[in-house]
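Load the model in your viewer and keep a selection prompt at hand. The stops below go from one selection to the next.

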Amino acid sequence: MFKKIISALVVLIFSASLTLAGGVTNIKEVVNRSSKTVRLTTYENKNDVESRWKTTRRIAAGATWRGDMWVPWADNDEQFQNHFLKIEIFTPRPGPNLSDVRVFTLYQSGEDVRTCPDNFLTLQNTEEIHIEHPAVPYNPRAPRVAGEARSGGDRRVVFFDNRDRSVGYRFEELGR
């Protein structure tokens, strides 16, 4: 009888911790309905040969990317410095192959996918950004992403033009 009670308690605690922690959020589709080019890149530094960037490459206005890209977990600054997702929004500038780039850093923490503005850069269109650390500190109360911010499940990220000519984005549950 004692073993049954302990087993039931362990199952209950394990189930509760999974509920509070959320699940893996997998971006399976990026739909660019904006007038700009966008790119999503994850960085997972595991201090081993598996550490790597995974990128959608640049997604042109009106285009769609399909694949699998997990939103990394970060529950403190140390984790955040080594596990994050970058969203880059490219705005062409007059001049030889120049773009302004707006960068956002995303991460999962607990039940939510969170976002924070990171940088505003100007670079040559041929350059690739491979920032190995976010420019902003970890913020456990950073705003949740627009749309379906709950962690866990398959997502679509939709980019769109705002009235002020900036680009916004929202997460949607895949299948909607």
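Is Arg156 buried or exposed? The model is a predicted one, and in it Arg156 has a relative accessible area of 12%. The cut-off for buried is under 20%, so Arg156 counts as buried.

**Stop 1: the charges around Arg156**

Keep Arg156 selected and add Glu29. The two form a salt bridge whose closest N and O atoms are 2.5 Å apart. Glu29 belongs to strand β1 and Arg156 to strand β8, so this pair ties together parts that are 127 residues apart in sequence. Glu29 is buried as well, its relative accessible area being 11%.

Next add Glu172. Arg156 forms a salt bridge with this residue too, and here the closest N and O atoms are 3.1 Å apart. Since Arg156 lies in strand β8 and Glu172 in strand β9, the pair ties together parts 16 residues apart in sequence. Both Arg156 and Glu172 are buried. To see the whole network, select Glu29, Arg66, Arg156, Arg170 and Glu172: salt bridges that share partners join them into one.

**Stop 2: strand β1 and its partners**

Select residues 25–32, which make up strand β1. Of its 8 residues, 7 are buried, so the strand is mostly covered.

Now show residues 153–161, strand β8, which runs parallel to β1 and is joined to it by 7 bridges. One place to check the register is Asn26, whose bridge partner in β8 is Asp154.

Then show residues 64–70, strand β4. This strand runs antiparallel to β1, and 5 bridges join the two. Glu29, already met in the salt-bridge network, stands opposite Arg66 in β4.

**Stop 3: a salt bridge between β1 and β4**

Side chains of opposite charge can pair when their charged atoms come close. Select Asp68 and Lys28, which form a salt bridge with the closest N and O atoms 2.8 Å apart. The pair links distant parts of the chain: Asp68 is in strand β4 and Lys28 in strand β1, 40 residues apart. Asp68 is partly exposed, with a relative accessible area of 35%. Lys28 is also partly exposed, and its relative accessible area is 27%. The structure has 10 salt bridges by the rule applied here.

**Stop 4: aromatic pairs**

A pair of aromatic rings is described by the distance of the centres and the angle of the planes. How many aromatic pairs does the structure hold? The count is 6. Select Tyr107 and Tyr138 to see one of them: the rings are 5.4 Å centre to centre with 50° between the planes, a tilted pair. Tyr107 sits in strand β6 (residues 98–109) and Tyr138 in the loop between β7 (112–124) and β8, so many positions along the chain separate them: they are 31 residues apart. Both tyrosines, Tyr107 and Tyr138, are buried.

Move to Phe159 and Tyr169. Their ring centres are 5.8 Å apart and their planes are at 45°, so this pair is tilted. Phe159 is in strand β8 and Tyr169 in strand β9 (residues 167–173), and 10 residues separate the two in a link between distant parts of the chain. Phe159 and Tyr169 are buried.

Go back to Tyr107 and Tyr138 and add Phe80: ring pairs link these residues into a cluster.

**Stop 5: arginines over rings**

Select Arg58 with Phe90. Arg58 lies over the face of Phe90, at 3.9 Å from the ring centre. Then select Arg102 with Phe104, where Arg102 lies over the ring face at 5.2 Å from the centre.

**Stop 6: two buried residues and their contacts**

Select Val71, in the loop between β4 and α2 (77–82). Val71 has a relative accessible area of 2% and is therefore buried. Beyond residues up to four places away in sequence, Val71 touches Thr25, Ile27, Leu85, Tyr107, Gln108, Val113 and Phe171. Measure from Val71 to Val113, C-alpha to C-alpha: they are 7.8 Å apart in space and 42 residues apart in sequence.

Finish at Thr42, which is in strand β2 (residues 37–44). At 6% relative accessibility, Thr42 counts as buried. Leaving aside neighbours within four places in sequence, Thr42 is in contact with Arg52, Trp53, Lys54, Met69, Trp70, Pro72, Phe84 and Leu85.

Technical notes
Residues are numbered from 1 along each chain as its sequence is written. This is a predicted model: local features need pLDDT of at least 70, side-chain atom pairs count only at pLDDT 80 or more; totals for chains, interfaces and linings use all residues. Side-chain values use heavy atoms; hydrogens and water are left out. Buried means under 20% relative accessible area, exposed over 50%, partly exposed in between (1.4 Å probe, protein chains only). Helices (H or I, at least four residues) and strands (E, at least two) are DSSP runs, numbered from the N terminus. Two strands pair if DSSP finds at least two bridges between them. Rings of Phe, Tyr and Trp (its six-membered ring) pair if their centres lie within 6.5 Å; planes under 30 degrees apart count as stacked, over 60 as edge-to-face and the rest as tilted. A charge sits over a ring if NZ of Lys or CZ of Arg is within 6 Å of the ring centre and within 35 degrees of the ring normal. Contact means heavy atoms within 4.5 Å. A salt bridge is a side-chain nitrogen of Lys or Arg within 4 Å of a carboxyl oxygen of Asp or Glu.
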